[in-house]
Amino acid sequence: MRVRCNSRQPCGNCSQAGLSCTYDAIPQKKGPKGSRAKVISELRETQKQSDLTSLMLQDGNKSYGSPPQSPTHYARATGLLTHELIEGCTDFFFTQMYPTMPILYRDQIRHAIGDMGHSVESYCLITSFLAFMLIQPGIVLKTGYLMDQPAGSVTNPKMGSVLMEEAIRVRKGYDYVENPTVNTVITSFFLFGCSFGLNKHNTAWFHLREATALAQILGMQDENTYMFDNVVETSRKRRLFWLLFVTERAYALQKHRPLTLHATISLPTVDQDPANYSLAGFIYLVNLYRPFDDTFIGLWNKSRTDCSPLTLARLQQQLTEALPQFLNTTESQAADLRTSQQWLRTMVWQLSIANGFLSSTSPDTSMTFRFPIEIAKDLVEVTRQFSKQSMEVHGIGLIEKVFDVACTLIDVMSCVPLESRKFEPGPQEYLNSLLSLISTLRGGESRFLPLVMAKIRDTLPAIGSQLPQQLIEKYNGAGHHGKRADRPGQQVEFKQENSGGSSSAGSSPFETPP
């Protein structure tokens, strides 16, 4: 039987077989061509390999365009998911990240893997999970986990970007919005995390709002929803709701976004975990963010004006007392909690100065211009206790918090008279420590170091000569892609000057860090 083309686009045979339609008018020898089924099978395999190669070679920052009419657009790419990759990412997640985001358990992953053959939802869950893990700066996988690629040919973030696009593409093949499940919500959360890690913030915002909307469709904001599930499933859904609650607030503060979720259900109990982890650290994290409600975010986003100094002073007190001196948590949890605490104190202080509530003579140090120096001191002291890995597992989000604290410290140093005390570290030493931390953590040197060094150049050039020499060399030796640099690749020269910034804070609010 001959496979004929009727010259339409797509032709009838390709449409029926579910193939992309191409026409190559190459003269062929006469004679039998083999069975029609064999020809179509070979075409399908060729197109699958071509699609996979195309995915791997495209720039990770590019999308893959609008879906063609052919249903094969939603077919799964072959060779992406290996046993070694799944095992490596799963082990790292449960070893390093589970206590901070306790929304999966091993049996759930095993079930989804076994179900991938006939469940698009399970396939998208696993693919988005692997993408999320590969994009994290702290993960280290052996060569060979990423298919059969030679060493160095495909980086973790590049492969993570390919898997993210694969999950998004295949997911379009079924209606996950009309009939969502808990796994649907988790998939959207992982896609948010991928986009955030890749610095695609419009896409990140879309997937975060998608996750919170799907959670609300499932009624996860309603306590009555949890009355009929078993204990394990109830606890898992509660943890997912509260993780979205925390994530939404952190992102609202970072990117000036509104809220959709509120504290309408009970917290999970500390001992309700199928993996036998204590949820104490997770509950501490929820309680850190819980005071940041619609009122505060409305003030932060300037959609409200009814702000009072007493409210902000009380919030600072709440944040100071939110964590005990000794945390019964893992090291990575403690790193996230302590860093988030100091960052949130910085955010409240920024709102205080923006509303003109600060005073040099206030008896409450949190309502003075110098308070960010105290915050920087506390952050430097706590981060010295943590290993590099315990901080890197939290990805770009933690580095951005350190960056915000450093930027606010620079603003204060440029406007407030600085006291010089012998034998005691001061603002300059705290800034040097924060810059060194940013440059040391993976992802910090390339994304945030150029931004903060450019801020120093613009705001406080006098301190350039007091920065660690190796930090200046690292900055001047790297390409700069930060938004605040004048142009990519520009080197900043820090010169010795006799005087610093202004001697007083003045009446204008400090510049808000990017």
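## Following the aromatic rings

Let's start in helix α7, which covers residues 182-197: phenylalanine 192 and phenylalanine 196 sit four residues apart there, so about one helical turn separates them. Keep in mind as you look around that this is a predicted model. Both phenylalanine 192 and phenylalanine 196 are buried.

How do two rings get described as a pair? You take the distance of the centres and the angle of the planes. In this structure, the count of aromatic pairs comes to 19. Phenylalanine 192 and phenylalanine 196 make up one of them, a tilted pair with 6.0 Å centre to centre and 45° between the planes. That angle earns the word "tilted" because stacked planes are under 30 degrees apart and edge-to-face planes over 60.

Now hop over to tryptophan 205 and tyrosine 251, whose rings are stacked, at 6.2 Å centre to centre with 15° between the planes. This pair ties together distant parts of the chain: tryptophan 205 belongs to helix α8 (residues 201-217) and tyrosine 251 to helix α9 (residues 231-255), 46 residues apart. Are tryptophan 205 and tyrosine 251 buried or exposed? Both of them are buried.

Step back a little, and these four rings turn up in one cluster linked by ring pairs, with Phe192, Phe196, Trp205 and Tyr251 among its members. The cluster also takes in Phe93, Phe94, Tyr98, Phe129, Phe132, Phe189 and Phe190.

Rings have charged company here too. Arginine 76 lies over the face of tyrosine 123, 4.5 Å from the ring centre. Over in helix α9 (residues 231-255), arginine 249 lies over the face of phenylalanine 245, at 3.6 Å from the ring centre.

How values were computed. Residues numbered from 1 in each chain as written. Predicted model: local features only at pLDDT ≥ 70, side-chain atom pairs only at ≥ 80, totals over all residues. Heavy atoms only, no water. Phe/Tyr/Trp six-rings, centres within 6.5 Å; stacked < 30°, edge-to-face > 60°. Helix = DSSP H or I, 4+ residues; strand = E, 2+ residues; numbered from the N terminus. Buried < 20%, exposed > 50% of the residue type's maximum accessible area, 1.4 Å probe, protein only. Lys NZ or Arg CZ within 6 Å of the ring centre and 35° of its normal.
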